[in-house]
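Let's sit down with a protein model and learn to read it one feature at a time. Have the picture open while we talk.

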Amino acid sequence: MPVAAPGDTATATLPVTEDRIDAFASVTGDENPLHLDPGYADESIFDGQIAHGMLSAGAISSALADLPGDIVYVSQDLSFEQPVRPGQTVEATATVAARDDDRLEVETTAETDEGPVVTGTATVLSLPHGAQQGSD
């Protein structure tokens, strides 16, 4: 399996639904009422229910996984630009900007039809399948 190189791009799409928000809350334990209680969220600065920011970041993880090679997350800087609401679809893009040995710097974005919702830079390893780190 080839490894990722500068210029490689991958995308992933994630429809945001009430069920997905509820499942994310269940898995993570993040039961913030801004995500789970529409009545509560209606009275917030968001004027309605919003999805967990990390749910949109999960779409970035999915895009990274579609790059060539065995992809291993090392780090991620994220900026949350605007909220995502149930019924919207997040499209994430991961574009390899630079390579240093087996580490890649990847520009990441997640957006809806209203524009960017999460932006940032990831550092990942891209290894040929079956490669063993540290073996001689």
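**Reading the fold together**

Q: Let me begin with one residue: what does V106 touch?
A: Leaving out residues up to four places away in sequence, V106 touches L64, L67, A94, T95, V96, A97, G120, T121, A122 and V124. Keep in mind that this is a predicted model.

Q: How should I think about a residue with a list like that?
A: Here's the general idea: in soluble globular proteins, nonpolar side chains tend to be buried together. In this model the largest nonpolar core has 26 residues, and V106 is among those with the most contacts inside it, along with V16, L55, L64, L67 and A110. Two or more residues apiece come from strand 1, helix 1, helix 4, strand 3, strand 4 and strand 5.

Q: Which element gives the most to this core?
A: That's helix 4, with five residues.

Q: Before going further, can you walk me through the whole chain?
A: Sure, start with the parts list. The chain has four helices and five strands, and along the sequence they follow the pattern β-α-α-α-α-β-β-β-β. For dimensions, the C-alpha trace spans about 60 × 30 × 20 Å along its principal axes. Of the 136 residues, 35% are buried.

Q: And how do the strands fit together?
A: To read a sheet, look for the order of its strands and the direction of each pairing. Here the five strands make an open sheet in the order 1-3-4-5-2, with antiparallel pairing. Strand 1 and strand 2 are at the edges with a single partner strand each, so one side of each has no neighbour in the sheet. From one strand to the next, the twist averages 25°.

Q: How many bridges join the neighbours?
A: Go across the sheet pair by pair. Strand 1 and strand 3 are antiparallel with seven bridges, and in this pair P15 stands opposite T89. Nine bridges join strand 3 to strand 4, also antiparallel. Strand 4 and strand 5 have 10 bridges, again in the antiparallel sense; there, L104 has V124 as its bridge partner.

Q: What should I look for where the chain turns from one strand into the next?
A: Look at the few residues in between, and at their backbone angles. The hairpin of strand 3 and strand 4 has two residues between the strands, and D101 takes a positive phi near 60° there. Close by in the sequence, D100 stands opposite R103 in strand 4. The hairpin from strand 4 to strand 5 also goes through two residues.

Q: Is a strand covered or uncovered on its two faces?
A: Take strand 4 as the example, and read its residues alternately. L104, V106, T108, A110 and T112 make up its covered face, while R103, E105, E107, T109 and E111 make up the uncovered one.

Q: Now helix 4: how do I check that its length makes sense?
A: Compare the expected span with the distance between its ends. At 1.5 Å a residue, the 13 residues of helix 4 should span 18 Å, and its end C-alpha atoms are 19 Å apart, so the two agree.

Q: Where does helix 4 lie, and which of its residues are buried?
A: Helix 4 lies across strand 1, strand 2, strand 3, strand 4 and strand 5, and runs at about 145° to strand 2. Its buried residues are L55, S56, A57, A59, I60, A63 and L64. Their cover includes helix 1 as well as strand 1, strand 2, strand 3, strand 4 and strand 5.

Q: Which loop holds D47, and what is its phi?
A: D47 is in the loop between helix 3 and helix 4. Its phi is positive, about 55°, although D47 is not a glycine. As for surface, the cut-off for exposed is over 50% relative accessible area; D47 has 62%, so it counts as exposed.

Q: What about A23?
A: A23 sits in helix 1. With a relative accessible area of 40%, A23 is partly exposed.

Q: How do I tell whether parts distant in sequence meet in space?
A: Look at how far apart in sequence the contacting residues are. Among contacts between residues at least 6 apart in sequence, 66% join residues at least 24 apart.

Notes:
Residues numbered from 1 in each chain as written. Predicted model: local features only at pLDDT ≥ 70, side-chain atom pairs only at ≥ 80, totals over all residues. Heavy atoms only, no water. Core = buried A, V, L, I, M, F, W, Y, C linked by side-chain atoms within 4.5 Å. Buried < 20%, exposed > 50% of the residue type's maximum accessible area, 1.4 Å probe, protein only. Contact = heavy atoms within 4.5 Å. Pairing = 2+ DSSP bridges. Expected span 1.5 Å × (residues − 1). Axes fitted to C-alpha atoms, helices over the stretch in contact; angles between N-to-C directions.
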